[in-house]
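The following exercises invite the reader to study one protein structure step by step. Each task is followed by a worked solution.

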Amino acid sequence: MPAWVVIDPWADVGFHLAPALFLLLDLLFFSPPWSIPPRSALGVSSALAFGYWWWVEHCFTRNGWYPYPLFEVLSPAWRGVLFLGSAVVMTGSTVGLKWVYGRVNGWGVEGPMVVRKTEGVERGR
């Protein structure tokens with residue numbers, strides 16, 4: 001990475017932490033219920049991760065440097081392992097956020113059992 005590429009820590013927070021927090025708040029309090037099975041989440045996450053890997057390599061062919069110093073140290077095979085691991089972590093995050101959403105909004109969560117009196121009705125018939 002060129003020496004002139006220096007990012008102020010507050011800018012880094014603005015680029016990464018702030019959007020994550022705002023998107024989490026949006027997901028939990030303003031979004032409608034959503035459902036994606038874990039296998040589909042893995043497929044979407046893998047497509048995004050490997051699409052980003054392609055984009056990083058494409059930019060490298062144009063710029064001559066990677067946006068993250070770690071990519072210069074890793075071989076292409078290990079970069080593939082890194083992006084595959086990222087897809088697995090992203091899938092876990094999706095499943096975990098789906099669970100948190102359900103707990104916050106009561107969606108997909110069975111409530112307390114309601115017992116109704118059935119006077120004069122025989123059970124099993």
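**Exercise 1. Determine whether Tyr-101 is buried or exposed, and describe its surroundings.**

*Solution.* The model is a predicted one.

Step 1. Tyr-101 has a relative accessible area of 3%. Buried means under 20% relative accessible area, so Tyr-101 is buried.

Step 2. Tyr-101 belongs to helix H4.

Step 3. Once the neighbours within four places in sequence are set aside, the contacts of Tyr-101 are Leu-27, Leu-28, Ser-31, Pro-32, Pro-33, Trp-34, Gly-106 and Trp-107.

Step 4. One of these residues, Leu-28, lies 73 residues from Tyr-101 along the chain, yet the two C-alpha atoms are separated by 5.5 Å.

Step 5. The side chain of Tyr-101 also reaches the backbone oxygen of Ser-31, at 2.8 Å.

**Exercise 2. State which elements the protein contains and in what order they run.**

*Solution.* Step 1. The protein has four helices and zero strands.

Step 2. Read from the N terminus, the order of the elements is α-α-α-α.

Step 3. Of the 125 residues in the protein, 15% are buried.

Step 4. Consider the contacts between residues at least 6 apart in sequence: 69% of them join residues at least 24 apart.

**Exercise 3. Describe how helix H1 packs against H4.**

*Solution.* Step 1. Two packed helices are described by the angle between their axes and the distance between the axes.

Step 2. For H1 (residues 9–30) and H4, the angle is about 45 degrees and the axes are 9 Å apart. H1 is therefore oblique to H4.

Step 3. The crossing in which H1 passes H4 is right-handed.

Step 4. On the H1 side the contact involves Leu-24, Leu-27, Leu-28 and Phe-29, while H4 supplies Leu-97, Val-100, Tyr-101, Val-104 and Asn-105.

Step 5. Sorted by class, this contact of H1 with H4 holds eight nonpolar residues, one polar residue and no charged residues.

**Exercise 4. Describe how helix H2 packs against H4, and classify the residues of the contact.**

*Solution.* Step 1. The axes of H2 (residues 38–63) and H4 come within 8 Å and cross at roughly 140 degrees.

Step 2. An angle over 145 degrees would count as roughly antiparallel. H2 and H4 are therefore oblique to each other.

Step 3. H2 passes H4 in a crossing that is right-handed.

Step 4. H2 contributes Pro-38, Ala-41, Leu-42, Ser-45, Ser-46, Leu-48, Ala-49, Phe-50, Tyr-52, Trp-53 and Glu-57 to the contact, and H4 contributes Pro-76, Arg-79, Gly-80, Phe-83, Leu-84, Ala-87, Met-90, Thr-91, Thr-94 and Val-95.

Step 5. The residues of the contact of H2 with H4 comprise 14 nonpolar, five polar and two charged.

**Exercise 5. Follow Ala-87, Thr-91 and Thr-94 of helix H4 and state what each of them contacts.**

*Solution.* Step 1. Ala-87 is located in helix H4. Its relative accessibility is 0%, so Ala-87 counts as buried.

Step 2. Not counting residues up to four places away in sequence, Ala-87 touches Leu-42, Ser-45, Ser-46 and Ala-49. The C-alpha atoms of Ala-87 and Phe-50 are separated by 8.4 Å, although the two residues are 37 residues apart along the chain.

Step 3. Thr-91 is in helix H4, which covers residues 76–105. With a relative accessible area of 10%, Thr-91 is buried.

Step 4. The side chain of Thr-91 reaches the backbone oxygen of Ala-87 at 2.9 Å. Beyond its neighbours within four places in sequence, Thr-91 is in contact with Pro-38, Ala-41, Leu-42 and Ser-45.

Step 5. Thr-94, also in helix H4, is in contact with Trp-34, Ile-36 and Ala-41, leaving aside its neighbours within four places in sequence. Thr-94 and Ala-41 are 53 residues apart in sequence, and C-alpha to C-alpha they are 6.9 Å apart in space.

**Exercise 6. Determine whether Arg-79 is buried or exposed, and identify its polar side-chain partner.**

*Solution.* Step 1. Arg-79 is part of helix H4.

Step 2. Its relative accessibility is 8%, so Arg-79 counts as buried.

Step 3. The side chain of Arg-79 makes a polar contact of 2.9 Å with the side chain of Tyr-66.

Step 4. Apart from residues up to four places away in sequence, Arg-79 touches Trp-53, Glu-57, Tyr-66, Phe-71 and Leu-74. Among them, Trp-53 and Glu-57 are also H2 residues in the contact with H4.

Definitions and conventions
Residues numbered from 1 in each chain as written. Predicted model: local features only at pLDDT ≥ 70, side-chain atom pairs only at ≥ 80, totals over all residues. Heavy atoms only, no water. Helix = DSSP H or I, 4+ residues; strand = E, 2+ residues; numbered from the N terminus. Buried < 20%, exposed > 50% of the residue type's maximum accessible area, 1.4 Å probe, protein only. Polar contact = N/O pair within 3.5 Å; in protein donor to acceptor, adjacent residues only side chain to side chain. Contact = heavy atoms within 4.5 Å. Axes fitted to C-alpha atoms, helices over the stretch in contact; angles between N-to-C directions. Parallel < 35°, antiparallel > 145°, perpendicular 65-115°, else oblique. Left-handed = near helix turned anticlockwise from the far one by under 90°. Nonpolar A, V, L, I, M, F, W, Y, C, P; charged D, E, K, R; others polar.
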